Amino acid sequence: MAAESGRQFWKRSAKLPGSFIKDRSKANALPMKSKKASSFHEFARNTSDAWDIGDDEDEDFSSSSSSLQTLNSKVAKATAAQVLENHSKLRAKPERAQSALSDMPTNCKVIKSSSEAQLSRTSEEACVRNPLQKQQSLPLRPVIPLVARISDQNASGAPPMTVREKTRLEKFRQLLSSHNTDLDELRKCSWPGVPREVRPVTWRLLSGYLPANMERRKLTLQRKREEYFGFIQQYYDSRNEEHHQDTYRQIFERILFIWAIRHPASGYVQGINDLVTPFFVVFLSEYVEEDVENFDVTNLSQDVLRSIEADSFWCMSKLLDGIQDNYTFAQPGIQKKVKALEELVSRIDEQVHNHFRKYEVEYLQFAFRWMNNLLMRELPLRCTIRLWDTYQSEPEGFSHFHLYVCAAFLIKWRKEILDEEDFQGLLMLLQNLPTIHWGNEEIGLLLAEAYRLKYMFADAPNHYRR
Amino acid sequence: MEAIWLYQFRLIVIGDSTVGKSCLIRRFTEGRFAQISDPTVGVDFFSRLVEIEPGKRIKLQIWDTAGQERFRSITRAYYRNSVGGLLLFDITNRRSFQNVHEWLEETKVHVQPYQIVFVLVGHKCDLDTQRQVTRHEAEKLAAAYGMKYIETSARDAINVEKAFTDLTRDIYELVKRGEISIQEGWEGVKSGFVPNVVHSSEEVVKSDRRCLC
């Protein structure tokens with residue numbers, strides 16, 4: 001079923017690169033919500049994504065999300081029904097539901113012990129212990145090795161700016177402060193990287209979270225943040241007694257929990273947790289001068305923290321909307337993208353492709369993770385943040401352009417790949433590509449190559465196309 | 001230069017999320033224990049040589065699988081080419097023990113008519129005070145399925161070596177007896193001998209290989 005609806009989706013969204021669906025009202029007519037009044041309908045109404053209401057002309061970016069929701073509506077209906085059923089079962093047994101939800105420690109401290117949670121051990125290791133939930137029951141408590149991930153943020157110690165950088169920053173400031181920010185222009189400017197100073201606001205705009213109209217921004221932010229905390233009250237607080245302990249871990253956990261419960265077709269999938277980090281770190285950098293790594297979030301006022309949390313949630317949701325079929329049953333989006341990568345590589349570098357074939361290396365064996373985690377496991381966080389400047393400026397950056405980035409990334413290692421002469425050596429290499437020293441320069445080159453590939457192959461008739 | 005090995009076995013490590021599969025494998029292949037570890041996404045690959053008798057080495061290729069249900073469509077593709085496996089549960093997590101049966105069923109469906117030689121591993125045995133599964137019941141379950149049972153701790157490096165080595169030895173015996181044979185198009189067992197290369201010191205093994213061919 002998933003495969004079939006997937007095929008439909010590719011047909012439906014066969015649109016020119018760079019063109020956006022302007023007609024929000026049509027895009028909004030999601031079968032998910034418009035069809036017959038069933039229990040699912042009610043469910044959908046309760047959990048309907050706030051992106052779908054209001055914010056009219058500023059929502060250009062959400063075109064892909066709408067079609068994706070269309071794509072998944074069948075799957076979503078089925079699974080949502082299942083979730084509802086599980087829900088009611090769990091509600092019938094409150095202690096069980098509690099325990100399933102409460103065995104994730106916060107900063108390695110147990111939030112709440114229960115009949116089943118046996119996690120009193122204090123090491124971080126305890127954080128990776130939660131029982132497998134049956135699929136589509138309440139979302140899993142996410143596992144977030146955050147310390148390791150945040151340690152990359154290069155918030156401090158930046159070298160002095162060059163004249164060129166100053167001019168660029170000035171251009172951004174100008175764009176951002178105009179009455180109506182020209183989003184096309186902002187995208188153009190952001191593609192080669194967003195200056196750190198203006199990244200938070202630029203990302204909010206690029207993701208479609210903030211309206212282009214200056215006057216509406218403040219109100220939108222306020223409304224969205226309130227809305228998010230409404231979800232927290234509605235879904236989260238009722239299950240958790242000790243809430244609003246604002247550690248990194250708990251903030252992430254809330255964000256993921258709310259996302260998962262509102263997206264029953266996906267639920268929580270390992271990897272999604274990674275995707276919160278760049279947003280969180282970027283929004284945090286607005287308030288923190290020093291290295292984010294050593295920063296204790298409890299030093300921030302609760303208002304600030306809440307804003308960061310809500311903004312991270314909305315921007316991550318926006319991102320995920322565009323790649324939701326990566327995380328639905330059988331992960332059709334990923335399977336498709338890995339196949340597309342294979343085909344692309346076979347065309348751009350036959351030697352590498354044949355080398356893999358010779359040693360029986362399958363693309364899925366290494367590229368699954370590249371797709372599932374958007375290369376976040378392969379790159380230092382600072383590089384991911386830079387990469388996302390471009391992904392958010394590029395039409396369908398996360399869902400489509402990423403494929404070309406992956407191809408460019410693979411070919412980048414062609415020499416090392418061709419030097420390996422057995423399966424094992426190849427897999428070990430591909431799983432541990434040495435990018436630890438990478439920075440903006442390497443990402444810039446990677447993106448340029450990806451862009452070249454995209455334009456070389458976008459119109460090739462036999463090539464994989466969206 | 002790669003050391004000489006008699007056979008290469010492919011093993012798979014399965015079990016619920018967070019029972020410690022990756023930590024166990026890392027302890028075995030890298031000799032260290034990571035306090036923080038990213039949850040596995042899809043499947044990861046590891047490798048190590050083990051010496052089952054002086055001078056007799058087996059190369060192990062180990063697939064570390066993600067325990068989360070959502071990744072099942074990916075991970076199950078790896079069962080078929082595995083000759084052996086470690087089925088882990090966490091002794092402090094009763095549910096992970098209750099799911100052992102399901103894991104076995106799941107693999108069975110995908111490797112029929114062949115079988116994977118499994119060992120049942122009760123992991124995190126350093127956390128004895130939080131134990132939710134007794135050794136006795138785990139042994140009973142293992143016996144019912146014709147598996148061996150062993151308790152391990154990656155953190156304290158207890159029985160990690162033994163878990164892998166014992167399994168390797170058992171598979172080796174089956175290969176030697178001809179109950180498992182090398183097959184074209186199957187990656188579970190491969191012979192380490194390259195044609196036309198003479199290993200004069202490996203008399204015994206050479207004869208073994210003749211039996212299998």
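Angles of 65 to 115 degrees between helix axes count as roughly perpendicular. In the predicted model described here, helix α1 (residues 21-30) of chain B and helix α6 (residues 160-176) of chain B pack at an angle of about 85 degrees, their axes lying 9 Å apart, and α1(B) and α6(B) are therefore roughly perpendicular to each other. The contact is made by B:L24, B:I25, B:R27 and B:F28 on the side of α1(B), which meet B:V160, B:E161 and B:F164 in α6(B); by class, five of these residues are nonpolar and two are charged, while no polar residue takes part.

The loops that adjoin these two helices were also examined. B:T18 is located in the loop that connects β1 (7-15) to α1 of chain B, and, because buried means under 20% relative accessible area, B:T18 with its relative accessibility of 14% counts as buried. The C-alpha atom of B:T18 is separated by 14 Å from that of B:V121, a residue 103 positions away along the chain. B:N159, in turn, belongs to the loop between β6 (148-151) and α6 of chain B, where its phi is near 60 degrees, a positive value in a residue other than glycine; with a relative accessibility of 30%, B:N159 counts as partly exposed.

Most residues other than glycine have a negative phi, and most peptide bonds are trans. A positive phi in a residue other than glycine is also found in chain A, where A:A330 has a phi near 65 degrees. A:A330 is placed in the loop between α14 (302-322) and α15 (332-348) of chain A and is partly exposed, its relative accessible area being 22%. In chain B, the peptide bond that leads from B:Q112 to B:P113 is cis, with omega near 5 degrees, and B:P113 lies in the loop between α4 (100-111) and β5 (117-123) of that chain.

Strand pairing in chain B is illustrated by β2 (residues 43-53) and β3 (residues 56-65), which pair in the antiparallel sense over ten bridges. B:E53 stands opposite B:K56 in β3(B), and the hairpin formed by β2(B) and β3(B) has two residues between the strands, with B:G55 taking a positive phi near 85 degrees.

Chain A, by contrast with these strands, contains 22 helices and zero strands. Of its 466 residues, 62% count as buried, and the accessible surface of chain A comes to about 19100 Å², with 51% of that area belonging to carbon and sulfur atoms. Among the contacts in chain A with a separation of 6 or more, 76% are accounted for by residues 24 or more positions apart.

Definitions and conventions. Residues are numbered from 1 along each chain as its sequence is written. Chains are lettered from A and ligands numbered from 1 in the order in which they are written. This is a predicted model: local features need pLDDT of at least 70, side-chain atom pairs count only at pLDDT 80 or more; totals for chains, interfaces and linings use all residues. Side-chain values use heavy atoms; hydrogens and water are left out. Helices (H or I, at least four residues) and strands (E, at least two) are DSSP runs, numbered from the N terminus. Buried means under 20% relative accessible area, exposed over 50%, partly exposed in between (1.4 Å probe, protein chains only). Contact means heavy atoms within 4.5 Å. Accessible areas come from the Shrake-Rupley method with a 1.4 Å probe; for residues, only the protein chains shown count as cover. Axes are lines fitted to C-alpha atoms, for helices over the stretch in contact, and angles run from 0 to 180 degrees between N-to-C directions. Angles under 35 degrees count as roughly parallel, over 145 as roughly antiparallel, 65 to 115 as roughly perpendicular and the rest as oblique. Ala, Val, Leu, Ile, Met, Phe, Trp, Tyr, Cys and Pro count as nonpolar, Asp, Glu, Lys and Arg as charged, and the others, Gly among them, as polar. Two strands pair if DSSP finds at least two bridges between them.
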